[in-house]
Amino acid sequence: MPACGLSTRMGSAKALLDAGGQSFLVRVVSALAAGGCGPVVVVAREAAGAVAREAEAAGAVAAANPDPDEGPISSIRLALAGWGGGMDGCAICPVDHPLVTGATVLALAACLEEESADIMIPTWRGRRGHPALFHRRVFPELLDPALPEGARTVVRRRPSRVRECPVEDAGVVADIDTPSEYRRHFRVA
């Protein structure tokens, strides 16, 4: 479930930026799909906009967020309300993490199952990253309208139910939010 925000720090839509021959969005959708996630739901600002079209072309389901100013949690709620009913869990990955691999998503899903955890967070060299995986037991909390910090509130509320899965994928911590970070990761002018 990649979520697309305003891209204010980047200055243009991150979802559509070139990330080595594919857009950020296509890379995230591909990693989630290769990691066994399905359906992959992309929540965009506009139902018929460029991001929604790119999501559908990548094989994802596109949904429009009627109230994106509420923050990422509004996109998460929208996706869970529409598609979460039959899922065992969900992976949440911001579109600004285009370097995450499908192998990492598979490893996280295996860790979630092995640990019988409610929440699985990848770590690379001790640093937490994305995507975060949430077991369906946590869905009611994610749907709660009173989350001061969105999904982060659910993660921090009861640390004992959160597990970390060490991975050899620096992409889990590669949060590309600014033009300088973009240039550093993709060697663009």
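Tutor: A polar contact is a pair of N or O atoms within 3.5 Å, and within protein one must be able to donate a hydrogen and the other to accept it. In this predicted model, the side chain of Lys14 makes such a polar contact with the side chain of Asp177, at 2.7 Å.

Student: Which other side chain is joined to Lys14 by a polar contact?

Tutor: That of Asp96, with a polar contact of 3.2 Å.

Student: Where is Lys14 placed, and is Lys14 buried or exposed?

Tutor: Lys14 sits in the loop between β1 (2-3) and α1. Burial is read from relative accessible area, with under 20% counted as buried. Lys14 has 9% relative accessibility and therefore counts as buried. A distance in sequence and a distance in space can also be read together: Lys14 and Phe24 are ten residues apart in sequence, and their C-alpha atoms are 6.7 Å apart.

Student: What does the side chain of Ser74 join in a polar contact?

Tutor: The side chain of Asn65, at 2.8 Å. Ser74 belongs to helix α3 (residues 72-83) and is buried, with a relative accessible area of 8%. Setting aside neighbours within four places in sequence, Ser74 is in contact with Asn65, Asp67 and Pro68.

Student: Now the overall picture. How many helices and strands does the chain have?

Tutor: There are seven helices and eight strands. For overall dimensions, compare the radius of gyration with that of a globule of equal length. A compact globule of 189 residues would have a radius of gyration near 16 Å, and the 15 Å of this chain agrees with that. The C-alpha trace spans about 45 × 35 × 30 Å along its principal axes.

Student: What share of the residues in the chain is buried, and what supplies the area that the chain exposes?

Tutor: Buried residues account for 49% of the 189. The chain exposes about 9,100 Å², of which carbon and sulfur atoms supply 51%. As for how the chain contacts itself, take the contacts between residues at least 6 apart in sequence: 65% of them join residues at least 24 apart.

Student: Which residues have the most contacts inside the largest nonpolar core?

Tutor: Phe24, Leu25, Leu32, Val42 and Met120, in a core of 33 residues. To read a core, ask next which elements supply it. At least two residues come from each of α1 (24-34), β2 (41-44), α2 (50-57), β4 (89-94), α4 (102-115), β5 (119-124) and α7 (179-186). Helix α1 gives the most, with five residues. A second, separate core has 18 residues, including Ile73, Phe134, Phe139 and Leu142.

Student: What does Met120 touch?

Tutor: Beyond residues up to four places away in sequence, its contacts include Leu108, Cys111, Leu112, Pro131, Leu133 and Cys165.

Student: Two cysteines are in that list. How many disulfides are found in the whole structure?

Tutor: One. Cys111 and Cys165 form a disulfide, with their sulfur atoms 2.4 Å apart; the cut-off used is 2.5 Å. The link is right-handed, with 45 degrees about the S-S bond. Because Cys111 lies in helix α4 and Cys165 in strand β8 (residues 162-166), the pair ties together parts that are 54 residues apart in sequence. Both cysteines are buried.

Student: Why is there no bond from Cys90 or from Cys93?

Tutor: Distance rules it out. The closest cysteine sulfur to that of Cys90 is in Cys37, 8.7 Å away, which is too far for a bond. For Cys93 the closest is again in Cys37, at 9.4 Å, also too far. Cys90 is buried at 7% relative accessibility, and Cys93 is buried at 2%.

Student: What should I look for in the backbone?

Tutor: Most residues other than glycine have a negative phi, and most peptide bonds are trans. Look for the exceptions. The peptide bond from Gly38 to Pro39 is cis, with omega near -5 degrees, and Pro39 is in the loop between α1 and β2. Another cis bond joins His130 and Pro131, with omega about 5 degrees; Pro131 is in the loop between β6 (127-128) and β7 (132-135).

Student: And phi? Where does Ser116 lie, and where does Arg125 lie?

Tutor: Ser116, not a glycine, has a positive phi of about 50 degrees and lies in the loop between α4 and β5. Arg125 also has a positive phi of about 50 degrees, in the loop between β5 and β6. Ser116 is exposed at 57% relative accessibility, and Arg125 is exposed at 72%.

Definitions and conventions. Residues are numbered from 1 along each chain as its sequence is written. This is a predicted model: local features need pLDDT of at least 70, side-chain atom pairs count only at pLDDT 80 or more; totals for chains, interfaces and linings use all residues. Side-chain values use heavy atoms; hydrogens and water are left out. A nonpolar core is a set of buried Ala, Val, Leu, Ile, Met, Phe, Trp, Tyr and Cys residues joined through side-chain atoms within 4.5 Å. Buried means under 20% relative accessible area, exposed over 50%, partly exposed in between (1.4 Å probe, protein chains only). Helices (H or I, at least four residues) and strands (E, at least two) are DSSP runs, numbered from the N terminus. Contact means heavy atoms within 4.5 Å. The radius of gyration is taken over C-alpha atoms; the globule rule is 2.2 Å times the number of residues to the power 0.38. Accessible areas come from the Shrake-Rupley method with a 1.4 Å probe; for residues, only the protein chains shown count as cover.
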